[in-house]
Amino acid sequence: MGSKTPENEQPNGKNEPSSSANTNGTGGEPRGAHFARDGDGTLGDGESGDDDDEERNACHDAAVTTCSVLGHSTLADSSKKKNKKRKKNKKKSTTALKQSSPPRVPVSDLFPSGRYPAGELQEYTVVENTSRVTSEESRYKSRTHLEDDSFLNDYRKAAEIHRQVRQWVQETARPGKTLTEIAEGIDNSVRALLDNEGLAPGTGLISGLGFPTGLALNHCVAHYNPNPGQKEIVLQCSDVMKVDFGVHINGWIVDSAFTMSFDPTYDNLLAAVKDATNTGLKNAGIDVRISDVSAAIQEVMESYEVEINGKTYPVKPVRNLSGHNIKQYQIHGGKSIPFVKTKDQTKMEEGEIFACETFGSTGRGLITDGPGVYGYGKDPFAPKKINSPLASARSLYQTINDNFGSLVFCRRYLERLGVERYLAGMNYLISQGVVEMYPPLLDIEGSYSAQFEHTFLLRESGKEIISRGDDY
């Protein structure tokens, strides 16, 4: 989710009988030789059960005893009887559980061990002439959760859910589908894989969507969400669609985005933004100045251009959007990673979590607020209760606290909870400054834009790009 800024991551071979298996001097056979002759000589066969082993041992002991008393003929009779025994069916191998399409199998069922895969691990580049100061040390002490095993496993679970859901989106989102169908498919898949519908009060704070699913087309750079009451939009072959959604567990959000197009005309636009995001990830690290990361992003993105309808356009970084750090239940934690070089000397610090995202455009590279509503977010420092003359405002505020806290949400999520006639109450909360409204963000009409994004953790041992997948 983009952060708007101010303008200024065995042979199952049978054991062959020994070459010394000849008849012995007493006229009998060497011990065990009849196993190979009778076709039951698969000693050590991993497919046989314990019951088969006991049966073979019993037959063998009986045969040896009979041979010593009655001679070879009795042993042969015993072998014939054994040969008539009905063979037991081999155990069928169980197949591993796989994700369905659309994704509906809880990810905890796919990983019965309860351990989830780590993201991409990168070593830090050496940063010279830096020293740790007391204020940094004190801030780090409040962020030691990044080395907690339980915290990391939950975060990696959220990242695995993101990977599986977006894989399904990339396979199924095609021209002819409505944006509502795609958005609801993403939302329902995330909830199913979390095994949490989030309908009861408080359950949405345990796990769920990190923010409203964004499906921005073409010159709409970011923050478009198909809400009730808006005109339905059908995906076209000529569209460039940014897909931006988040998964949270206990308020810690995996924020990752990608861009889809169905016309090779826009391949270079997508390549430019993907390259810029990977460059930002490569340059990020502990004690790195954010302005240096921004400068590297800008240099890479501006090295690309794209030809559309016979006209060549430079790919411009969107100057008034930025990446951001992430805090618990806060998608924008206060620090920003612009896509152009600035004079800001702020550093990244150990224990921080960032979403490195970049937006590139063939337009002006500047966004303005568009019509409509993307979503709403409660101020994390707002009071738990408010005094309002409107009962609808008080009731709505309680619903927000119970189900979203300071997580960004949208109208579709409210109506899914059964909330009705909330617009007057919402307008009151916005006017009091306890809730903020987020509009769609647009570049000039006729332009095209793309986005790629990863979440990464600045751990002591290295940075973990937790949302990294095989796709991007």
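Glu453 lies in strand S18, which covers residues 449–458. The model is predicted. In this model Glu453 is buried, because its relative accessibility is 0% and the limit for burial is under 20%. Apart from neighbours within four places in sequence, Glu453 is in contact with residues from several parts of the chain, including Met1, Thr277, His324 and Tyr472. Ala355, Cys356 and Glu357 are also among its contacts. So are Asp244, Asp255, Ser256 and Ala257.

Two of these contacts reappear in a database record. An unreviewed UniProt entry lists Asp244, Asp255 and Glu453 under "binding site". The three residues span 210 residues in sequence, yet no two of their C-alpha atoms are more than 8.4 Å apart, so they gather at one spot. Of these residues, Asp244 is included in the lining of the second largest cavity.

Asp244 is found in strand S6, residues 240–249. Its relative accessible area is 7%, so Asp244 is buried. Residues up to four places away in sequence are not counted among its contacts here. Asp244 touches both other residues of the UniProt listing, Asp255 and Glu453. It also touches Met1 and Gly2. Further contacts of Asp244 are Phe211, Pro212, Thr213 and Gly214. Ser256, Ala257, Glu357 and Gln451 complete its list. Met1, Ser256, Ala257 and Glu357 thus touch Asp244, and each of them is also in contact with Glu453.

The chain as a whole has 472 residues, of which 50% count as buried. It holds 13 helices and 19 strands. Its accessible surface comes to about 23500 Å², and carbon and sulfur atoms account for 48% of that area.

Some of the strands can be followed in detail. Three of them form an open sheet in the order S5-S17-S14, with antiparallel pairing. Strand S5 (220–222) and strand S14 (368–369) are the edge strands, as each pairs on one side only. Strands of a sheet pair through backbone hydrogen bonds, either parallel or antiparallel. S5 pairs with strand S17 (residues 441–442) in the antiparallel sense, over two bridges. Here Cys220 stands opposite Leu442 in S17.

Cys220 has a relative accessibility of 8%, so it counts as buried. Cys237 has a relative accessibility of 52% and therefore counts as exposed, the limit being over 50%. A disulfide is a covalent bond between the sulfur atoms of two cysteines. The structure holds zero disulfides.

A second antiparallel pair joins strand S8 (residues 305–308) to strand S9 (residues 311–314). The two strands pair over four bridges. Ile308 stands opposite Lys311 in S9. S8 and S9 form a hairpin with two residues between them. Asn309, in the turn, has a positive phi of about 55°.

Loop residues can be buried too, as Glu350 shows. Glu350 lies in the loop between strand S12 (336–338) and strand S13 (353–361). Its relative accessible area is 13%, so Glu350 is buried. Glu350 and Ile286 are 64 residues apart along the chain, but their C-alpha atoms are separated by 5.4 Å.

Key:
Residues are numbered from 1 along each chain as its sequence is written. This is a predicted model: local features need pLDDT of at least 70, side-chain atom pairs count only at pLDDT 80 or more; totals for chains, interfaces and linings use all residues. Side-chain values use heavy atoms; hydrogens and water are left out. Buried means under 20% relative accessible area, exposed over 50%, partly exposed in between (1.4 Å probe, protein chains only). Accessible areas come from the Shrake-Rupley method with a 1.4 Å probe; for residues, only the protein chains shown count as cover. UniProt positions are given in the numbering used here, feature names are shortened, and annotations may be inferred rather than shown by experiment. On a 1 Å grid over the protein atoms alone, a cavity is a set of points where a 1.4 Å probe fits but cannot get out, and a pocket is an open set with protein on both sides within 12 Å along at least five of seven lines; lining residues have an atom within 4 Å of a point. Contact means heavy atoms within 4.5 Å. Two strands pair if DSSP finds at least two bridges between them. A disulfide is a pair of cysteine sulfur atoms within 2.5 Å.
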